[in-house]
Each structure stands twice: as C-alpha cells, then as structure tokens.
Amino acid sequence: MQNKIKIERAILDLTQDDLAKKIGVSRQTINSIEANRYVPSTVLALKLSEVFNKSVNEFFSLSEED
C-alpha cells in the first residue's frame with residue numbers, strides 16, 4: 001500500500017508528532033506508516049481522513065504488489 005501521508009501532513013504544516021497526538025498514536029507509528037512499514041487499521045485510517053478532511057483513498061492507494 002502506498003500513501004501520501006507526508007504530503008498531506010506538510011499541507012497542514014503538521015509534524016509527525018503533531019499528527020500522532022491528533023489521532024492518538026506515537027510519532028513512530030506515523031513514521032512507519034509514511035515509510036510503508038506499517039499498514040494502519042481501518043479506525044486509524046478513518047481518523048487520518050478526519051484530520052485531512054479527505055476520503056481515505058485520496059491518501060492511500062493499493063500498489064500492484066497488494
């Protein structure tokens with residue numbers, strides 16, 4: 001799965017720590033999601049959707065490997 005979390009975070013001028021606090025996870029979790037080492041749960045994806053005010057598929061997409 002690919003994502004645009006880093007881009008969306010930059011648009012809102014949020015640090016990884018800022019975003020983590022908004023959705024109730026650690027900064028390391030945000031780092032792992034951005035680096036494609038961790039696929040978030042549905043609940044976490046929906047929380048991100050609320051922060052970015054966008055649908056989940058606007059910042060997550062399946063890769064051919066998925």
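Here is a short walk through the salt bridges of this predicted model. The count comes to three, and each pair can be located by its place in the helices and loops.

Let's start with glutamate 8, which pairs with lysine 54; their closest N and O atoms are 3.1 Å apart. Glutamate 8 sits in helix H1 (residues 5–11), while lysine 54 belongs to the loop between helix H4 (42–52) and strand S2 (60–61), so this salt bridge ties together parts that are 46 residues apart in sequence. The two partners also have their own surroundings to look at: glutamate 8 has a relative accessible area of 7% and is buried, whereas lysine 54, at 28%, is partly exposed.

Stay with helix H1 for the next pair. Arginine 9 forms a salt bridge with glutamate 34, and here the closest N and O atoms lie 2.6 Å apart. This pair, too, links distant parts of the chain, with arginine 9 in helix H1 and glutamate 34 in helix H3 (residues 27–34), 25 residues apart. If you look for these two side chains in your viewer, note that both arginine 9 and glutamate 34 are buried.

Finally, turn to helix H2. Lysine 21 forms a salt bridge with aspartate 17, with 3.2 Å between the closest N and O atoms. Where do these residues sit along the helix? Lysine 21 and aspartate 17 are four residues apart in helix H2 (residues 16–23), so about one helical turn separates them. As for accessibility, lysine 21 counts as exposed because its relative accessibility is 63%, over the 50% cut-off. Aspartate 17 has a relative accessible area of 33% and is partly exposed.

Notes
Residues are numbered from 1 along each chain as its sequence is written. This is a predicted model: local features need pLDDT of at least 70, side-chain atom pairs count only at pLDDT 80 or more; totals for chains, interfaces and linings use all residues. Side-chain values use heavy atoms; hydrogens and water are left out. A salt bridge is a side-chain nitrogen of Lys or Arg within 4 Å of a carboxyl oxygen of Asp or Glu. Helices (H or I, at least four residues) and strands (E, at least two) are DSSP runs, numbered from the N terminus. Buried means under 20% relative accessible area, exposed over 50%, partly exposed in between (1.4 Å probe, protein chains only).
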